[in-house]
Amino acid sequence: MEAPSIPPWVFTVEPYEGESISHFLGRFRRANYSSSHEIGQKTGLGGVLARWEKFRFIPPPTQKQLAALAEIVRLDTAQLALMLPQGVSMKHEPIRLCAACYSEQPYHQMKWQFKETRGCDRDQLRLLSECPNCGKRFKIPALWMEGHCHNCQMMFVEMREYQKGM
């Protein structure tokens, strides 16, 4: 089977330092007016991308899978590997957030989903796992578009005052 060709219209999205693969894939999809399904078809990865967006990495991504995604998103496999867990266990749910970090760097950081992470080591604050205003859990970072609660619209940066010290 012939490899899919890269559309000439693909807009490159640069990953942020420590950004989760889920958040990156969401930004890439929005920049390219694409869906997870469409990118899954173009890469030949199918539903694997949807699993990655939910932090489900069992089985772990193969080099072949990373290469297929790298070709479409126009990054090298090493850059993609940095957005994946490196020998640590993941916490699939709930999605966690440090609002203090987000206010300075508005993206989901992969380390927030590590099982071993109890709070933000930089700010010495507990991570939030639900909106302090309405109590709804956060959606997967691939769906974070404007940095607010999907239910009540409270901005993530406003949630900082509700974070408690560790």
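A residue counts as buried when its relative accessible area is under 20%, as exposed when that area is over 50%, and as partly exposed in between. In this predicted model, Glu158 has 43% relative accessibility and therefore counts as partly exposed. Glu158 lies in the segment after strand E2 (125–126), and its C-alpha atom is separated by 26 Å from that of Phe55, a residue 103 places away along the chain.

From this partly exposed position we can turn to the interior. In soluble globular proteins, nonpolar side chains tend to be buried together. Here the largest nonpolar core has 47 residues, and those with the most contacts inside it are Trp52, Leu69, Leu80 and Met159. Helices H1 (21–31), H3 (48–53), H4 (63–73) and H6 (99–104) each supply at least two residues of this core, with H4 giving the largest share, six residues. Leaving aside residues up to four places away in sequence, Leu80 touches Ile21, Phe24, Leu66, Leu69, Ala70, Val73 and Leu75.

Helix H2 (residues 36–43) can be read by its two sides, and its buried residues are Ser36, Ile39, Gly40 and Thr43. Seen down the axis of H2, these buried residues fall within an arc of 105°, so they line one face of the helix. An α-helix has 3.6 residues a turn, so residues three or four places apart point the same way. The cover over the buried residues of H2 includes H1, H3 and H4, whereas on the other side of H2 His37 and Gln41 are exposed. After H2 comes Gly44, whose phi is positive, near 80°.

Key. Residues are numbered from 1 along each chain as its sequence is written. This is a predicted model: local features need pLDDT of at least 70, side-chain atom pairs count only at pLDDT 80 or more; totals for chains, interfaces and linings use all residues. Side-chain values use heavy atoms; hydrogens and water are left out. A nonpolar core is a set of buried Ala, Val, Leu, Ile, Met, Phe, Trp, Tyr and Cys residues joined through side-chain atoms within 4.5 Å. Buried means under 20% relative accessible area, exposed over 50%, partly exposed in between (1.4 Å probe, protein chains only). Helices (H or I, at least four residues) and strands (E, at least two) are DSSP runs, numbered from the N terminus. Contact means heavy atoms within 4.5 Å. The arc is that of the directions from the helix axis to the C-beta atoms.
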